[in-house]
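Me: Please pick a single part of this one and walk me through it closely. I'd like one connected story rather than a tour of everything.

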Amino acid sequence: MLDESADVIARFGALLDRHLQSRPSDYLVTFRALLAVEGQYHWANVLGDFADDFYHLQCPHCGVEVTVAIGDYGRYSAIRDWNLGDVDRRDLRPRSGEELSGVGRWMHDIAVRDGEAALTEGIAHLFGKAECPCCASVFAIADEYEAANHPVLH
């Protein structure tokens, strides 16, 4: 069905992109819709506004569950403890726009173009690197999160 509607989907994507450039009040909703039109269904579904976002994943080296926080309260990786909260916090290592590639670069470029500072900074952190508080290994946040949560489409 999507293949048969490719031209309509492309026109809809162009319309969404023009709407984003008008800096609408529903910017994030429209941004996520554009991600879906571009086939980025996973990010269209999980991308937040980076005011209070948490991403839970396993360290690819030691397997411990790591919480990555990106929001107004901080940008860090930590071990989440039921009683103590986020412990042993490690600052995230954002990537600059020039260091990004693929969908991260595409999202970042659109957010920069449209003057969406919080989204730009959040994407730089989400597609940056985190340090595991347990084993101190460094890994790419978005790669690990997507590998663990991205549905397999046939």
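**Strand 3 and its neighbours**

Reply: Let's start with a pair you can find right away: Tyr-76 stands opposite Asp-91 in strand 4. Before going on, this is a predicted model, where local features need pLDDT of at least 70, side-chain atom pairs count only at pLDDT 80 or more, and totals for chains, interfaces and linings use all residues. Residues are numbered from 1 along each chain as its sequence is written, and side-chain values use heavy atoms, with hydrogens and water left out.

Back to that pair. Strand 3 (residues 74–81) runs antiparallel to strand 4 (residues 85–91), and 5 bridges hold the two together (pairing takes at least two DSSP bridges; strands are DSSP E runs of at least two residues, helices H or I runs of at least four, both numbered from the N terminus). To get from strand 3 to strand 4, the chain makes a hairpin with 3 residues between them.

Now look at strand 3's other partner, strand 2 (residues 65–71), which is also antiparallel to strand 3 and joined to it by 5 bridges. Here the hairpin goes through 2 residues. For a landmark, take Gly-71, which sits opposite Gly-74 in strand 3. So follow the chain along: strand 2, a hairpin of 2 residues, strand 3, then a hairpin of 3 residues and strand 4.

How confident is the predictor overall? The protein averages a pLDDT of 92, and 95% of the residues score at least 70 (the scale runs from 0 to 100). Among the elements, helix 1 (residues 6–21) has the lowest mean, 88, while strand 5 (residues 129–131) has the highest, 98.

Key: pLDDT is the predictor's confidence in each residue, from 0 to 100.
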